[in-house]
Each structure stands twice: as C-alpha cells, then as structure tokens.
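User: I work at the bench and would like to learn how to read a structure like this one. Could you take me through some features, one at a time?

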Amino acid sequence: MEQQDLKDLWNNLQVNVSEKEVENSLKQLLARISLYEELFSAKRKATQKHYSILKIAGILLLPVLASFFTYLSFNNRTVVQESIISYTEYVAPMGERREVVLEDDTRVYLNSGSVLIAPKKFIDKNRIIYLIGEGYFKVASNKEKPFRVKTSLIEIEALGTEFSVSAYSQDNSVQVILAEGSVRLSTLDIPNSQSIIMSPNHQSVYNPQINGFIVNEVNASRYTSWKEGILIFDKTPISDVLRRIEIQYGVQISYDKSNTNITRHNITAKFIQNESLEDILNALSNIINFKYQIIKNQVIIK
C-alpha cells in the first residue's frame, strides 16, 4: 500500500481506535509471519537448505509498516485497525500445493513452499496482495479496483486475467507467465524503474542485476501446468528441470554444475500428476545416464 493510498483511506475512515491498539495489531501480524519459519524449518533441516521465508516476508511488509508509522507521526489522528492490517496468510508447505479463493472471488493456486498474504477484505481502491514463492492467479474482474501482486522485486497489476508468478527468494529473479488478458509489470522503489505491458503466451523474467525485463514468447500452458501437478519440458536445460523438481517435490538436488555430461542436456518430457520422485529421476537417469541417491529430502546426483 503506497503512502497516498494510506492518506486516501485515512480520510475516508469513520471509526477511531487508539494508536496503541494499531501498534499491537501490527506486532501480532509480524508474529504470525514468523510462524512461516517454523512451518518450513523441518523441511530445511532435512535438506540443509535455508528458505528465507521470514526475511522475504519482512522485506515485503516493512515498506507498508514504515509508510504507515511515518504517516502516524505527522498526523494526530487514529485509524481503524481492521482497515489497515487485517490480513490472512495462506501457506503451501514444501512438497504440497494449495488452492485459495480470496474475498473478491479471485482464485489462487499456490505452489510448494509458497506464502500468500492477502487482506481479509479489499477495502482500498486497489486489491493488493503479497506473494513469496509461486502462484497462479485467476483474477476476478473489477475495473474500479485494480488487482496487484507485490513480490520482493516487482509488482504485477491486472484488471481481469490469468497469470503465473514465480518469486522464490533463492532464485534471485521473478518470472511472470501470462495465460490470458494483460498485465503491467513494474519494479519497486528503484531509480530508473521500468514498466512493461505483457500480452498472452509471453514470459517476462525480471533480473535485478540489470534492473530490466527479458521477454520471450512461450506456450503458457507448459509453464503453468504445475498447478495440476504436471511438469512439461520442451528442450529445457537440465538445470531448470531439476529446479522445477525441487519445487514440486520439496527436495534439494545436489549435482556437479561443472560436469558437462549432465549440464549440456536439454530435456523434452512430460511427467503426469502423481508420478513419484523416483519415477521422474529414473526417467531422467535413462536419458542422461547418471546415478542418484535419495537421503530423506535430499537427492544426490553422481
């Protein structure tokens, strides 16, 4: 929520509560977010991989909280607690997917290891939600209230459309796949920020190192089939294939990235829903000729 949005909301409020109550509620929100660390801690210990859910959640919400308290310091007024910080947090644990229906009937499919933070009720002039991880959105049309998805790096704005966003912290980039309609992508609080408009069957990848978007024409269904538990690859680099398997099955895959006998391969394959991790690894090992070992939630490729 931008500071101007807060001012507009502030001016339209009719009910007052104390600043202390608002501060306590914000503390409770941050405390609930800290539960994400506990939810994923067991998986992280098993894989020896640190998924910084709490840190990214903090990055997403700190600008909101900072703007809010900055505004409080300049105004001797109070605000409705529920109007500002009444959020629901939806979590898809590692190795699982989850379907969520928001208050405006927007449908969201969360992929493994993802968190969605959304208001219990959209009362502002914009429908703003926060995403950590990957989600597929079927946005309910409302031209008077644009729908915005904020990640740690970019913001996606849509009126009525279907698109997928991948914003895992360990990927250091954000990928958007547009299936229907149109969306506007923009960077967050960065000098010389960019803004682009996407059309269907295109992929946009934001790279913070160049502060720019790389746009490609793609078959959107190949990139969004994960929501049905299906993995489709078309001449896909093996590194990307293994990354998708990590996400889908909640595992960590270790292999020698300098070994060209593995990394030189591009994979064309389709893995249907309910295929086991072993089934997929067996198929890949027949293509690439490697051996693997599974130890709890860690896969070691030799």
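User: Let's start with strand pairing. Which residue is the bridge partner of Gly135 in S8?

Analyst: This is a predicted model, so please read everything below as computed from it. The partner of Gly135 in S8 is Val165. That bridge belongs to a set of six joining strand S5 (residues 127–138) to S8, and the two strands run antiparallel. On the S9 side, Val165 has Val176 as its bridge partner. Five bridges join S8 to strand S9 (residues 174–180), again in an antiparallel arrangement.

User: What links S8 and S9 along the chain, and how many residues lie between them?

Analyst: They form a hairpin, with six residues between the two strands. In the turn, Asn172 has a positive phi of about 55°.

User: Is S8 enclosed or open to its surroundings?

Analyst: Six of the six residues of S8 are buried, so the strand is largely enclosed by the rest of the structure. Look at the two faces as well: Glu162, Ser164 and Ser166 point one way, while Phe163, Val165 and Ala167 point the other way, and all are buried.

User: Let me pick one of those. Why does Ser166 count as buried?

Analyst: The cut-off for buried is under 20% relative accessible area. Ser166 has 7%, so it is buried. You will find Ser166 in strand S8 (residues 162–167). Beyond its neighbours within four places in sequence, Ser166 is in contact with Gly133, Glu134, Asp171, Ser173, Val174, Gln175 and Arg244.

User: Next, aromatic rings. How do I read a pair?

Analyst: A pair of rings is described by how far apart the centres are and by the angle between the planes. The count here comes to five aromatic pairs. One of them, Tyr206 with Phe213, is tilted, at 5.2 Å centre to centre and 50° between the planes. Tyr206 and Phe213 are both buried.

User: Why is the pair of Phe233 and Phe271 edge-to-face?

Analyst: Planes over 60 degrees apart count as edge-to-face. The planes of Phe233 and Phe271 lie at 65°, with the ring centres 6.3 Å apart, so this pair is edge-to-face. Phe233 is in strand S14 (residues 231–237) and Phe271 in strand S16 (residues 266–271), so the pair ties together parts that are 38 residues apart in sequence. Phe233 and Phe271 are both buried. Elsewhere, ring pairs link Phe137, Phe147 and Phe163 into a cluster.

User: Which charged residue sits over the ring of Tyr168?

Analyst: That is Arg243, whose charged end is 5.5 Å from the centre of the Tyr168 ring. There is also Lys257, which lies over the face of Tyr255 at 4.6 Å from the ring centre.

User: Now helices. How do I describe two that pack together?

Analyst: You give the angle between the axes and the distance separating those axes. Helix H6 (residues 238–249) and H8 pack at about 170°, with their axes 12 Å apart. That makes H6 roughly antiparallel to H8. From H6, the contact uses Ile238, Val241, Leu242, Ile245 and Tyr249, and from H8 it uses Leu277, Ile280, Leu284 and Ile288.

User: In what order do the strands S15, S17 and S18 form their sheet?

Analyst: The order is S15-S18-S17, in an open sheet with mixed pairing. Strand S15 (252–254) and strand S17 (292–295) are the edge strands, each pairing on one side only. From one strand to the next, the twist averages 20°. Helix H8 (residues 277–288) packs on this sheet and touches S17 and S18, and its direction makes about 160° with that of S17. Four bridges join S17 to strand S18 (residues 298–301), and the two run antiparallel. Ile295 has Gln298 as its bridge partner in S18.

User: One last feature: where is Asn274, and is it buried or exposed?

Analyst: Asn274 is in the loop between S16 and H8. At 74% relative accessibility, Asn274 counts as exposed. Its phi is positive, about 75°, although the residue is not a glycine. Asn201 also has a positive phi, near 60°. Asn201 sits in the loop between strand S11 (195–198) and strand S12 (202–207), and is partly exposed at 34% relative accessible area.

Terms used. Residues numbered from 1 in each chain as written. Predicted model: local features only at pLDDT ≥ 70, side-chain atom pairs only at ≥ 80, totals over all residues. Heavy atoms only, no water. Pairing = 2+ DSSP bridges. Axes fitted to C-alpha atoms, helices over the stretch in contact; angles between N-to-C directions. Contact = heavy atoms within 4.5 Å. Buried < 20%, exposed > 50% of the residue type's maximum accessible area, 1.4 Å probe, protein only. Phe/Tyr/Trp six-rings, centres within 6.5 Å; stacked < 30°, edge-to-face > 60°. Lys NZ or Arg CZ within 6 Å of the ring centre and 35° of its normal. Parallel < 35°, antiparallel > 145°, perpendicular 65-115°, else oblique.
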